[in-house]
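Here are some notes on the model, set out as numbered points. Please read them with the structure open.

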Amino acid sequence: MALGLRLRFSLLFRTVFALCILGTLTLLLGIIISIFGAFFGFIVWGWLFRIYEFVLTMPRVSAVTPIPSTVVAPVALLALVGIVYGWEHLARYTSADTLLPPTDPASVGLSVVALGSLYLLIVEGIVAIGVALSVALSALDGLLLVFLAGALLAIAGTIGEVRLEIGRLRETLLDESVLAEGSYPEIERTTHRLAQLADVPPPEVRIAETDRPESFTIGTGSEAVVVVSRGLIDALDEAELEAVLAHEVSHLANRDSRIMGAVLAPVLAADDWIDQNPDDYDVGDWLWNALFRGLKWYGQSGVAVFSRGRELGADSGAAALTGSPAALASALQRLDEKRRTPETDLREWESSAAALDILPPSEREAATGPYRTHPPTEARIERLRRLAANAEGE
């Protein structure tokens, strides 16, 4: 009980510490991205204003009649939509099969109306938008509005790119894996049984075609996937394999994949702003990359602290699901020995954190130091053995 309470305090401390780092990183990135977004917003605003001035010189219905552009543009849109979508009915009055090119007077007339409506829609629409923006800029501080618009668009673009990057990371991790249903149905049954005990939807179970012993979890809920490699299956006995699967199911129960995706977002955002092809003789490029690399490393330290806490929580969950902390301790020791041999397909730091692998990458820089995503394997084994001893004492 005391050990469980200690773990809760440890996880709480790690969470608060990591969120402080990631919160300040997100704030700094938001300020920097907003500034650059606002700068480009002013540039785009200048282009739009020139376009607006040019459109004002073009022939317009609103320029020669009292009908405002805010009325002409919607009417032109309705006329264009009516001709295009109502062509099946209008074609009865012409000999033409299609609207363009026209072949008789009736189709010529309809084509002129359609093209005229398109012209008015574009020209009067731009004028109407310009009028609306003028009203908004007069009601608010114009410079502030342009600044906010540029900042929000830049932040939205960065968030969209980060979401795509996380999706690409997960797709890469699932490459060269097959469903376990056909080749290892017993592994799928065991995983689903553990999922039922943990009160989570049964995940899809896949087998990675690699000799490298690994297991990891991706996604949550109905989209959750648990992947184990052939190397891991061959390395472990039945009880050890069940303990590893319970570790991955515990990640699902704790929603760790979704949480890690969220905390990785600011790190990936900083990485996206790093120039991958800088000019070696350009001081500006060097300073730019130094800034965002520093922010990325700062964020990685926070993600690493958070990730280590999630791994400890998954170890405890696995011990509770199987009732055998010793089995997971044995599996960790066996896998750690296998992983000590250098691998050729080392996983990048971001992929390791996103995957929630049972063990860290074998690359020393990613497995040790402030950026390590897992607690020391020896410490995890010792903790599980204490849990086993306490269970036997009871």
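1. Ile83 is a convenient place to begin. This is a predicted model, and in it Ile83 counts as buried because its relative accessibility is 7%, where the cut-off for burial is under 20%. The residue belongs to helix H3, which spans residues 69–85.

2. The surroundings of Ile83 come from later in the chain. Leaving aside residues up to four places away in sequence, Ile83 touches Leu90, Leu99, Leu110, Val113 and Ala114. Ser111 can serve as a distance check: 28 residues separate Ile83 and Ser111 in sequence, and their C-alpha atoms are 8.8 Å apart.

3. For the chain as a whole, the secondary structure comes to 16 helices and 4 strands. Of its 394 residues, 44% count as buried. Among contacts with a separation of 6 or more, 71% are between residues 24 or more positions apart.

4. Which residues touch the most other members of the largest nonpolar core? They are Ile187, Ile207, Val228, Leu232, Leu236, Leu245 and Val249, in a core of 33 residues. Two or more residues each are given by helix H8 (185–197), strand S2 (204–208), strand S4 (225–229), helix H9 (230–235), H10, H12, helix H13 (325–339) and helix H16 (377–393). H10 supplies the largest share, 7 residues.

5. Val249 deserves a separate look. Not counting residues up to four places away in sequence, Val249 touches Thr191, Leu194, Ala195, Ala198, Val200 and Leu321. Another core, of 23 residues, lies apart from the largest one; Ile33, Ile166, Ile274 and Leu295 are among its members.

6. The packing of H10 on H12 can be described in the usual terms. Two packed helices are described by the angle and the distance between their axes. For H10 (residues 238–253) and H12 (residues 283–322), the axes come within 7 Å and cross at roughly 125 degrees. H10 is therefore oblique to H12. The crossing of these two helices is right-handed.

7. On the H10 side, the contact is made by Glu242, Ala243, Ala246, His247, Val249, Ser250 and His251. H12 contributes Arg310, Glu311, Ala314, Asp315, Gly317, Ala318, Leu321 and Thr322. By residue class, the contact of H10 with H12 divides into 6 nonpolar, 5 polar and 4 charged residues. Val249 thus appears twice in this note: it is part of the contact with H12, and it is one of the core residues that touch the most other members.

Key:
Residues are numbered from 1 along each chain as its sequence is written. This is a predicted model: local features need pLDDT of at least 70, side-chain atom pairs count only at pLDDT 80 or more; totals for chains, interfaces and linings use all residues. Side-chain values use heavy atoms; hydrogens and water are left out. Axes are lines fitted to C-alpha atoms, for helices over the stretch in contact, and angles run from 0 to 180 degrees between N-to-C directions. Angles under 35 degrees count as roughly parallel, over 145 as roughly antiparallel, 65 to 115 as roughly perpendicular and the rest as oblique. A crossing is left-handed if the near helix is turned anticlockwise from the far one by less than a right angle, and right-handed if clockwise. Contact means heavy atoms within 4.5 Å. Ala, Val, Leu, Ile, Met, Phe, Trp, Tyr, Cys and Pro count as nonpolar, Asp, Glu, Lys and Arg as charged, and the others, Gly among them, as polar. A nonpolar core is a set of buried Ala, Val, Leu, Ile, Met, Phe, Trp, Tyr and Cys residues joined through side-chain atoms within 4.5 Å. Buried means under 20% relative accessible area, exposed over 50%, partly exposed in between (1.4 Å probe, protein chains only).
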